[in-house]
Amino acid sequence: PGGAAEVNAGVVLAGFGIESKPLGFNEYRNLDVKDKVVVVYSGVPWTVEANNWIRKVDRQPHGNLAFKARTAARYGAKALFVIENPVGWRKKASVPTEFRLPDREFPLDSPIPIVQLSGNVATAVCGKTAEEIHAGASEISLSRQPGTETVQATVRYSVKVAGTAVVGRNVLGLIPGSDPDLRSESVIVGAHFDHLGHAGNEIYFGANDNASGVSVMLNVALAFKA
């Protein structure tokens, strides 16, 4: 937020950074984060074994970065550091974990800075190995108990976001209706051209949902036009 930030503070691990009265789950209970950097996992506790015990009604807000940041700020935190959930679906599906903007969870309304940590930086900040970080997230998912602790470390960083916005393009075609009353209403038929492309050595072939979808859309348009 604001494009720049400076932080010099101690570090606290706050699990997934969730505070939920309906679930009776509060990872900030008995945890002093005032003027500290709070490190959390992205998303919500998720493993196949845990059977998604965060109900769907709760997943959207609690997995949202801005929501996590507002919760941390309410307890007095100076910044939110985010580790990609090592037991989340993105890891299961080998999806790239770079922080991409714009995003539906882009924290425009966050009161404190949010920083996404790479794997190497996460281990350095937390003083843990990658295996220990993975085990911490897994334990929260399975035990349904907060995994919080204060780390003997101080984080100092200064950041300024710079760059030029890139404008994407979309294609829209309109076929006016013939009915005098209904022609003011719209029926939208859509398809997407781009897909995941590739992740590491895995190639995602998009013929089924990309090429076929666009072909169907164009043929529907031809049929309506005729």
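Contact here means that heavy atoms lie within 4.5 Å of each other. The views below show a predicted model.

**View 1. The contacts of F81 are shown in this close-up.** Leaving aside residues up to four places away in sequence, F81 touches V37, V38, V39 and V40. F81 also touches V115, L117, V155 and Y157.

**View 2. The largest nonpolar core of the model contains 26 residues.** Within this core, V37, V39, F81 and I83 touch the most other members. Two or more residues come from each of β1, β4, β5, α4, α5 and β7. Strand β1 gives the largest share, 5 residues. In soluble globular proteins, nonpolar side chains tend to be buried together.

**View 3. Another core, of 15 residues, lies apart from the largest one.** Among its members are A14, L31, I112 and I114.

**View 4. Helix α4 spans residues 119–126 and has buried residues A122, V125 and C126.** Seen down the helix axis, the buried residues of α4 fall within an arc of 85°, so they line one face of the helix. The face turned away from this buried side carries N120 and A124, which are exposed.

**View 5. The buried residues of α4 pack against several strands and one other helix.** The strands are β1 (4–14), β4 (37–41), β5 (79–83), β6 (114–117) and β7 (148–160). The helix is α5 (130–143).

**View 6. The residue G127 is found just after α4.** At this position, G127 takes a positive phi of about 70°.

Methods:
Residues numbered from 1 in each chain as written. Predicted model: local features only at pLDDT ≥ 70, side-chain atom pairs only at ≥ 80, totals over all residues. Heavy atoms only, no water. Buried < 20%, exposed > 50% of the residue type's maximum accessible area, 1.4 Å probe, protein only. Helix = DSSP H or I, 4+ residues; strand = E, 2+ residues; numbered from the N terminus. Arc of directions from axis to C-beta. Core = buried A, V, L, I, M, F, W, Y, C linked by side-chain atoms within 4.5 Å.
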